[in-house]
Structures are given as C-alpha cells and as structure tokens.
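Morning, everyone. Please have the sequence and the 3D view open while I talk. I'll keep this short.

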Amino acid sequence: CPGMSHGFLMRWGRGCCNTSNHDRIMDDIVKAALQKWPNVPACYGWLALDARGDWYMRDERVQAAGPFPAVKGSRVTHDKLKQFIERNYEADEFGAWYFQNGPQRVYVALEAAPWVWSIDRMDDGSAWRMTSHTGRQPKGIDAVLLDELGRLFLYAADMGLGVVRSLDMDAAADWLISKDVTPEDVRFEALSARFGYQLTPK
C-alpha cells in the first residue's frame, strides 16, 4: 500500500495539531488533496484500531503473520500523528471505517467496534461523561449491550457503536447502577450487522 509509511503520514500531520485553528487548516489540506488527486486507490490492511482505542500500523510482514488483533503490529505513539488520524476518521456508505490520509482512504480493521469509550464523572460529580477515543462525545446513549466476553458496548444514535475500555469498566458499573440500567445480552458476532459496521473492510 504505497504512501502508508510513517514518513508520508508525518508529512501530512506535521505541526498541525496544537489549536482548533490548525485543525481547520488540516481539514482544508485533506480536502485540497482530494480535489487534486481524486482517484488514488484505497488502502486496506495497514491500519487497525484495538479495543483500548490504540491505533496500529500493519506492514506486509505483520499482515502475513496473521490477522488483527491476533497479530497487532506497531502501536502508533506519536501524539500529532494520532490526532491527525482521529480528526480524519470516518465511515463510508457501507459501514467501513477509514482514515482519510490526504487523497487516500486508509481502511481500518476494528477489534471490536468503530468507537472506544472512556467513562468518567463530570468535575462537579453531577453527571457522567462518555468520550470516544477520538475525543468526540455523544449526545446520549441509546442502547447498552454486554457480549459473551463481558465487554460492554454503548450505542449512540449520533455516532454509532462503541466498546467501553477495560480500564473504565469499574466506572461503567457505577454508571449502570446510577442509571438503573441492565445491559442487553448479545453475541459479539451479531453486533456488526445489527449496527452497520465492518470489522475488516476489504
């Protein structure tokens, strides 16, 4: 998949993540690249999102070693690069999630769901706050589900389905008790079809 090296990503992401004004500049850069090069082939298999909200780069060697998440690859640790990916993370009309890397769509393999939620209380303790791995917050939670592995999933109509980070399960339990909510039992294999997303776009 040409162009998926860290060097290419950093050329797009360098120096663009410090302020909201810079965020708008980056969005303009991406849009301009799409207009200039509208027919760049999409890239598959090179980027993945695990159930903790971490991004992984997966080159040919990693892909040959096995599927995600059995073989994860190299975790993306550069803060500006992560922010660039997260600002330009979207889904297509078929429920396949991708990172718009300049003019190229880089499709994302998902371990569990397209969003990964963290849960905490507001500073004054009066309410709970759900935040996605990209920093977005849903308008509300419309469904709560528990799979056979004990993973908690929250569905927000304005964003889609997300899995709660394992580190936040204690907070999630407190939230469920405070809201008197009992999660719906589900099989993990049924979630992608029900909520319209692809675990492994092809």
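I'll go from the whole chain to a sheet, then to a pocket and a few single residues.

One thing up front: this is a predicted model. So what do we have overall? The chain has 202 residues, and 44% of them are buried. Its secondary structure comes to six helices and twelve strands. Now look at the contacts between residues with a separation of 6 or more. Of those, 54% link residues 24 or more positions apart.

Next, the sheet. Strands of a sheet pair through backbone hydrogen bonds, and the pairing can be parallel or antiparallel. Here we have an open sheet of six strands. Read the order with me: E8-E7-E11-E10-E9-E12. The pairing is mixed. Which strands stand at the edges? They are E8 and E12. Each has a single partner strand, so one side of each has no neighbour in the sheet.

Let's zoom in on one pair. Strand E10 covers residues 152–156, and strand E11 covers 160–164. They pair in the antiparallel sense, over four bridges. Find Leu154, and you'll see it stands opposite Gly162 in E11.

Back to the edge strand E8, residues 128–132. Thr131 sits in that strand. Is Thr131 buried or exposed? Its relative accessibility is 16%, and buried means under 20%, so Thr131 counts as buried. What does Thr131 touch, beyond its neighbours within four places in sequence? The contacts are Val116, Trp117, Ser118, Arg136 and Gln137. With Gln137 there is also a polar contact between the side chains, at 3.3 Å.

Now the pocket. Rolling a probe the size of a water molecule over the atoms shows where empty space is left. The largest pocket has a volume of about 160 Å³. Which elements give two or more residues to its lining? Those are strand E1 (43–49) and strand E6 (104–110). E6 gives the largest share, three residues. By class, the lining has seven nonpolar, two polar and one charged residues. Among the lining residues are Tyr44, Gly45, Arg58, Phe68 and Tyr107.

Stay with Arg58 for a moment. It lies in the loop between strand E2 (55–57) and H3. With a relative accessible area of 6%, Arg58 is buried. Leaving out residues up to four places away in sequence, Arg58 touches a long list, including Gly45, Trp46, Gln63, Pro67, Phe68 and Lys72. Look at Ser74 as well. Arg58 and Ser74 are 16 residues apart along the chain, yet their C-alpha atoms are separated by 6.6 Å.

Phe68, which we met in the pocket lining, brings up a backbone detail. The peptide bond from Phe68 to Pro69 is cis, with omega near 5°. Pro69 lies in the loop between helix H3 (60–65) and strand E3 (74–75).

Last stop: Asp180. Where is Asp180? Look in the loop between helix H5 (169–179) and strand E12 (184–185). Asp180 is not a glycine, but it has a positive phi of about 55°. Its relative accessibility is 70%, so Asp180 counts as exposed.

To recap, take three residues away with you. Thr131 is buried in strand E8. Arg58 is buried too, and it helps line the largest pocket. Asp180 is exposed. That's it from me.

Notes
Residues numbered from 1 in each chain as written. Predicted model: local features only at pLDDT ≥ 70, side-chain atom pairs only at ≥ 80, totals over all residues. Heavy atoms only, no water. Buried < 20%, exposed > 50% of the residue type's maximum accessible area, 1.4 Å probe, protein only. Polar contact = N/O pair within 3.5 Å; in protein donor to acceptor, adjacent residues only side chain to side chain. Contact = heavy atoms within 4.5 Å. 1 Å grid on protein atoms, 1.4 Å probe; cavity = no way out; pocket = protein on both sides within 12 Å on 5 of 7 lines; lining within 4 Å. Points joined across faces, edges and corners; volume = space filled by probe spheres on them. Nonpolar A, V, L, I, M, F, W, Y, C, P; charged D, E, K, R; others polar. Pairing = 2+ DSSP bridges.
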